Amino acid sequence: MTDQLTEFDATAAGTGANATKMFQVKTREATTVDHARVAAVAGDAFAALHKVIHQHRVTYAEYDALKSWLIRVGEDGEWPLFLDVFVEHVVEEVVNADRAGSKGSIEGPFYIPGAPSEVGSTTLPMRDDEPGTPLLFQGQVRGVDGAPLPGATVELWHADANGFYSRFAPGLPEWNLRGVVLADPEGRFAFRTVKPAPYQIPHDGATGQLIEAAGWHAWRPAHLHLKVFASGHHSVTTQLYFDGGDYNDSDIASAVKPDLIIAPTPRADGAGEEVTYDFVLDRF
Ligand code: DHB
Ligand code: FE
């Protein structure tokens with residue numbers, strides 16, 4: 001008889017396969033092919049790569065190592081993980097460059113739409129013995145003009161205190177540490193959850209092989225993922241990090257910004273920590 005798998009049995013290939021499946025069902029805006037745009041972007045991307053090959057006098061052994069590595073990333077389903085760690089932060093920066101409201105950050109590969117929702121406040125779904133410091137996370141959603149947005153929706157998802165995400169590591173309840181709050185008539189929301197731990201991107205697969213070969217580390221600082229929506233406004237996808245947290249200054253995904261650091265304080269009643277963070281959304 002084999003034992004039930006737990007989150008500690010997570011593998012890059014298993015996590016990657018789940019992330020790939022989720023990505024493939026994700027709906028995106030339909031795009032039409034603009035030949036001039038494709039030629040310009042793909043052409044410049046190849047030119048940048050060609051320049052690197054010249055600059056570093058890349059050998060045939062290295063070229064073949066690249067091919068085997070790319071094949072392995074695909075076989076393990078690690079493309080969503082790899083791209084979100086090493087590329088997404090620049091897309092986010094470009095797309096949100098003109099926003100006056102709250103700063104965004106990368107979505108990452110582990111968002112699942114449709115988590116359980118409540119009005120005003122919620123306790124995220126969690127195990128009876130969920131490890132970690134209890135955290136009350138609350139705030140208000142406003143427009144850039146300062147007016148509260150009562151119809152706003154706030155989605156929160158994050159890793160557990162062992163650094164694993166439900167639906168991507170085995171053995172966790174379906175919606176563990178994922179939930180949605182519909183803001184109250186003053187645009188306010190509150191979540192009761194637990195503080196997440198720093199997250200080590202799966203390192204037993206192709207991405208880990210590259211990180212080890214380069215002598216880098218595989219850590220992301222502890223973070224909360226959020227999406228905030230309100231009608232007539234641009235939604236914000238972001239992350240919040242903890243003041244003084246490990247890896248805030250060396251995030252492998254380059255997704256930390258000074259505006260995104262929160263500093264929870266101990267609660268007067270001794271029940272863990274609390275923090276307030278308000279969101280500001282740009283009008284369409
Ligand atoms: C990855 C994981 C995350 O939790 C995140 O926020 C970004 C990227 C990853 O494993 O690729
Ligand atoms: Fe994450």
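**A capped helix and a mixed sheet**

At the N-terminal end of helix H2, Asp-34 acts as a cap, with a side-chain oxygen placed 3.1 Å from the backbone nitrogen of Ala-36. This picture comes from a predicted model. Helix H2 itself covers residues 35–55. With 21 residues at 1.5 Å a residue, H2 should span 30 Å, and its end C-alpha atoms are indeed 30 Å apart, so the expected and modelled values agree. An α-helix has 3.6 residues a turn, so residues three or four places apart point the same way. Just after H2 comes Arg-57, which takes a positive phi of about 45°.

Turning to the strands, six of them make up an open sheet with mixed pairing, in the order S1-S5-S4-S9-S10-S11. The edges are held by S1 and S11 (261–262); each has a single partner strand, so one side of each is left without a neighbour in the sheet.

Strand S5 (residues 178–182) is a good place to look at both senses of pairing. With S1 (residues 117–119), S5 pairs in the parallel sense over three bridges. Here Ser-117 has Val-180 as its bridge partner, and Val-119 stands opposite Leu-182. With S4 (residues 153–158), S5 runs antiparallel, and five bridges join the two; in this pairing, Leu-156 stands opposite Gly-179.

Strand S5 is also mostly covered, as four of its five residues are buried. In a regular strand the side chains alternate between the two faces of the sheet.

How values were computed: Residues are numbered from 1 along each chain as its sequence is written. Chains are lettered from A and ligands numbered from 1 in the order in which they are written. This is a predicted model: local features need pLDDT of at least 70, side-chain atom pairs count only at pLDDT 80 or more; totals for chains, interfaces and linings use all residues. Side-chain values use heavy atoms; hydrogens and water are left out. Buried means under 20% relative accessible area, exposed over 50%, partly exposed in between (1.4 Å probe, protein chains only). Two strands pair if DSSP finds at least two bridges between them. The expected span of a helix is 1.5 Å times one less than its number of residues. A polar contact is a pair of N or O atoms within 3.5 Å; within protein, one must be able to donate a hydrogen and the other to accept it, and residues adjacent in sequence count only if both atoms are side-chain atoms.
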